[in-house]
Structures are given as structure tokens and as C-alpha cells.
Amino acid sequence: MKVKEKLKEIQKGIRFSIRNKILMLLFVVALPCLGLAIYLLVSIHNYSTVYGKIVDEMAIANNYNITFKEKMDESMYKMVVGYTNSDIAKEDLVWEDPFELIDNLRQDFSALQRETQSQESQIWLERLLQNADNLEKQIRMIESNSKTMGQYHENLEELDNNIYILTELIQEDIQYYIYYQTKSIDFTNQKLNEEINEFLIICSLLFVVLFIGICIFTFVITTDILRPVKELNEATEAVAKGDFEVRASVTSGDEFAALAQSFNDMAANMEALLERAKEDERKMRKADLRLLQEQINPHFLYNTLDTIVWLIEADETEKATEMVVTLSAFFRIVLSKGKEMISIKEEEQHIASYLQIQEVRYHDILEYDIQIDKVLYDYKILKLTLQPIVENALYHGIKYKRAKGYIHIHGEKAGDLIRLTVRDNGVGMSKEELAKVQENIEKPCQETEKGFGLANVNERIRMYYGPEYGMKIQSVQDGGTIVEITIPAVL
């Protein structure tokens, strides 16, 4: 739960994530480019529409320019020379009704007049429509004359003097309209080219401004991203060199700030763990020193030396020599060149030396047996682990028995664990005494009132291996005591 709450706090602390910064950078780059592209496409579409409309208008006008005069002149000539009225003439499939031709002309060019933007073209369209009206009047006059006998020459004269001239004028109006529309196309093309040139100049200027802006913005964003990376890198290098007091100062409000916060928490935890380890090491050293002082007990040394002198005086020099060698081996393992860890085989030799020395003094009350599986010989153990327990069994168990006592040391491997047991058949302890000793061995050895050696061993094991390892004690009044040591199997 604490981890989840921590993650939630970190996520809340992120004000502007790296993802948003990168998206902003892309937005700053893409938006102006997109705007220019849209502007260019809209401009091209508008000019394409205008250009296409002019071309369509010119196509309509050009069609009339080619066919209208010819069709109208032909139709009017046929009306004058061969037809008396338009109803009869309509039966001729080749002949086209001049009134229909004028109506089509008027409809198409009236539509062009509404769409045309050029003023010059508008002028010629107005003249064209006026001439179309005049042409229609002349046609109606000829049609009326054709119904009266004897008007043939007058109609021919009307045809030559008015009809042909009006169709010529209409054709001329169409040609002028086409001419000015062509100029409109040229003007449109020129305007388009000018605007394209302006667009290119504006685009170039905008590109330069955009490039400079993007460079500045990119520099700001990348610096904002890389600065905390550099800060974290420097902090991690300092931690790698052993400086656990260093802290990363990142205020970017993004994931790096959250990472820096986690890094600072980690460094603080590591600093606390290091201090705890140093404190444990100091305690271990003090405990080792005090235990070493306990082992080099003047009384033990005096008694051993007195025993050696007594053996010499009794002319048992061989036993005295053996005892001196055993005492030397005992202290050699106690010192161990300052090492904290020794092999289980060396620990076995140490307690064997101790018991051999004590057996000379207490031969009438002490028997012992050491049965440690040879499989355990190469595994490591904290020195002076078993000897204080064996000493406790001798002085507080066997010595007060007032009869033959027995100490049994056993060792075996169970999975990844090593179990070492010291069993004696001494006086044992009452339930109250056992509870007091069990309470004392759970305390730091400096705070113990009784059983310092056992508390020291238990504290050293737990400081070195962890709280799940250590010592268990069972005892029965007048039934002996069992002390079991559990440590991990470490080579």
C-alpha cells in the first residue's frame, strides 16, 4: 500500500510530462507548416476555380463566334428567298429558327453577363445584347414583309443593309468579349504569379522565423529534458563513489522530477542503511572485543597454567606439553588473525581444545562428545560461536551437578540451513530461570543482567545473518539444557 500511495503522490507531482513537452514541440513544428500548406491549397483552388470559369465562359462565347453569324445569315436568307413565314420554314429540318437562335444567344450571354467580372467584357456584353434586340426587330420586320406580296426586293435590301450588318456587329461584340476575357486570363495569371511570388517570399521569411523559433523552442525543451538527466547522472555518480548525502535537485515538474524524488528517497534509505550497518559493525566489534576479553579470562588462564605447573611437578611432562600445545591452539583460533569468519572445522578444533584443557581439571566430572558432520567442515561460521555455549554448559550445568556430567556437541545440514546443538545433562533451569535467560538473549548484550556469553553469541548471529537466525534454549530442572544454533549454509 505504501508503494501505491507513493506512486500516486509522484503522479500528482507531475505537472508537465515529457510526453506533453514532445507533443508541444511537434505541434509547434507542424502547425505553421500545416497552416502554410492549407493557405497554398486554398489559393490554388480559388484561382483554379476563377480560371476554369473564365475558360468555360470563353468556350461558350467562342462557340457563338464560330457558328452564330453563319447560321443566322443562312436562316434569314432562306426566309427571304424561299419562305413566306416561319411556320412553313419549320418543316425544313436544315433550317434553324432565327428567333430561337436569338433566344439561345440572349440566355447564354445574359448568364455570362451575370458571371463576368471584367468591366470591359461587361460593356461588350451589353452592346451584344442590344444588337441582339435590334436584330430581332429587323427579323420580325422581314417576316412581316414576307407575308406581303411584292416585298422581295425590299427584304433583300433589308437583309444586306441590316441583318448582315447586325450579325457582323454581334460577331464583333463576341470577339471583343473573348479578347477582354483573354486579357482577364492574363491578368489572373499575372496576379496568380505575383501572389505566388509573394507567397514564396512570405514562406521564406516565415520559414526563417519558424526555423529560428523551432531551434530556440527545441533548445529550451531539450535543455529542460537533459538538465534533470545531467543532474541525476551527477547524483548517481556521487552515490557510486560512496557519497550517500548527495541529493538531486530537479524542479521540472515532469517524470524526471518524480524520478529524482525516488532517487533522493533511495539515497536517504541507503544512507540510513549504511549508518545502521556501520552501527552494527561497531556493535559487532565491541561484542567481539568484549567476547575476546571474556575468552582470555585471567582465571581460565591462571587455572590452566596452574594445571600445567602441577603436571610438571607430578613429573607428567608429556601431559603438560600436550596441554601447552592445546592452549596454544585454543588462543590461535581465538585470535584468527583478526578474521570474523572461520570454518566450522576450525570452530570444532577450538571447542575441542577448550574441552581438552577443561577435561584435565574436571576429569572426574566431565565427559564430552563432538559429532559434527564432516560435510559442514568447509562452511563458514562466526568465530567464538560454540565455545561460550560449551563454557556455559560446563560452569552452570555440569559443575553444579556434583556427579559425572556429559556434554554432547552435534552439527548437521538441513537444506540451506546448518543446525548446531550443545546438549548437557547438568542441573538445568527452572521455568522462571529459563524465561529470564530467554529474555536476556533477545536483548543487546550490553543490557543483559545474566548470561552475557549467550546474549553475545545470539546478537552477533542476528546482526550478521539476519533476525530469522540465532539461538533457541530448552531446559528442564535437573534434566539438563539444550542450546540450538541455526545459521545459513554459507561457503
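"Buried" here means under 20% relative accessible area, "exposed" means over 50%, and "partly exposed" is anything in between (1.4 Å probe, protein chains only). This is a predicted model, where local features need pLDDT of at least 70, side-chain atom pairs count only at pLDDT 80 or more, and totals for chains, interfaces and linings use all residues. Residues are numbered from 1 along each chain as its sequence is written, and side-chain values use heavy atoms, with hydrogens and water left out.

**View 1. The whole protein has 13 helices and seven strands.**
Helices (H or I, at least four residues) and strands (E, at least two) are DSSP runs, numbered from the N terminus. Of the protein's 491 residues, 40% count as buried. About 28,900 Å² is exposed, and carbon and sulfur atoms supply 56% of that; the areas come from the Shrake-Rupley method with a 1.4 Å probe, and for residues only the protein chains shown count as cover. Take the contacts (heavy atoms within 4.5 Å) between residues at least 6 apart in sequence: 72% of them join residues at least 24 apart.

**View 2. Phenylalanine 109 meets tyrosine 177 ring to ring.**
Rings of Phe, Tyr and Trp (its six-membered ring) pair if their centres lie within 6.5 Å; planes under 30 degrees apart count as stacked, over 60 as edge-to-face, and the rest as tilted. That rule gives eight aromatic pairs. In this one, the ring centres of phenylalanine 109 and tyrosine 177 sit 6.3 Å apart with planes at 75 degrees, so the pair is edge-to-face. The two come from distant parts of the chain, 68 residues apart: phenylalanine 109 is in helix α4 (residues 98–115) and tyrosine 177 is in helix α6 (residues 152–240). Both residues are buried. Ring pairs also join them with Tyr64 and Phe68 in a cluster.

**View 3. Phenylalanine 330 and tyrosine 354 make a tilted pair.**
Here the ring centres are 6.0 Å apart and the planes stand at 35 degrees, so the pair counts as tilted. Phenylalanine 330 belongs to helix α9 (residues 317–335) and tyrosine 354 to helix α10 (residues 344–361), so the pair ties together parts 24 residues apart in sequence. Phenylalanine 330 is buried, at 0% relative accessible area. Tyrosine 354 is buried too, at 2%.

**View 4. Five strands line up in an open sheet.**
Read across, the order is β2-β4-β5-β7-β6, and the pairing is mixed; two strands pair if DSSP finds at least two bridges between them. At the edges are β2 (366–372) and β6 (470–476), each pairing on one side only. Neighbouring strands are turned by 10 degrees against each other on average, direction ignored. For angles, axes are lines fitted to C-alpha atoms, for helices over the stretch in contact, and values run from 0 to 180 degrees between N-to-C directions. Helix α10 packs on the sheet, where it touches β2, β4 and β5, and its direction makes about 170 degrees with that of β2. Strands β4 (residues 405–414) and β5 (residues 417–424) pair in the antiparallel sense over eight bridges. Alanine 414 has leucine 417 in β5 as its bridge partner.

**View 5. Isoleucine 398 lies in helix α11.**
Helix α11 (residues 387–398) lies across β2, β4, β5, β6 and β7 (480–488), running at about 150 degrees to β4. Is isoleucine 398 buried or exposed? Isoleucine 398 is buried, with a relative accessible area of 0%. Leaving aside neighbours within four places in sequence, its contacts include Ile365, Tyr406, Ile407 and Asp424. The C-alpha atoms of isoleucine 398 and aspartate 424 are separated by 7.4 Å, with their positions 26 residues apart along the chain.

**View 6. Charged side chains link up in salt bridges.**
A salt bridge is a side-chain nitrogen of Lys or Arg within 4 Å of a carboxyl oxygen of Asp or Glu, and by that rule there are nine. Asp103, Arg106, Asp133, Glu136 and Arg140 are linked in one network. Within it, aspartate 103 and arginine 106 meet at 3.4 Å, N to O; both lie in helix α4, three residues apart, about one turn of the helix. Aspartate 103 is partly exposed at 34%, and arginine 106 is partly exposed at 21%. Glutamate 136 and arginine 140 meet at 3.3 Å, N to O. Glutamate 136 is buried at 17%, whereas arginine 140 is partly exposed at 46%.
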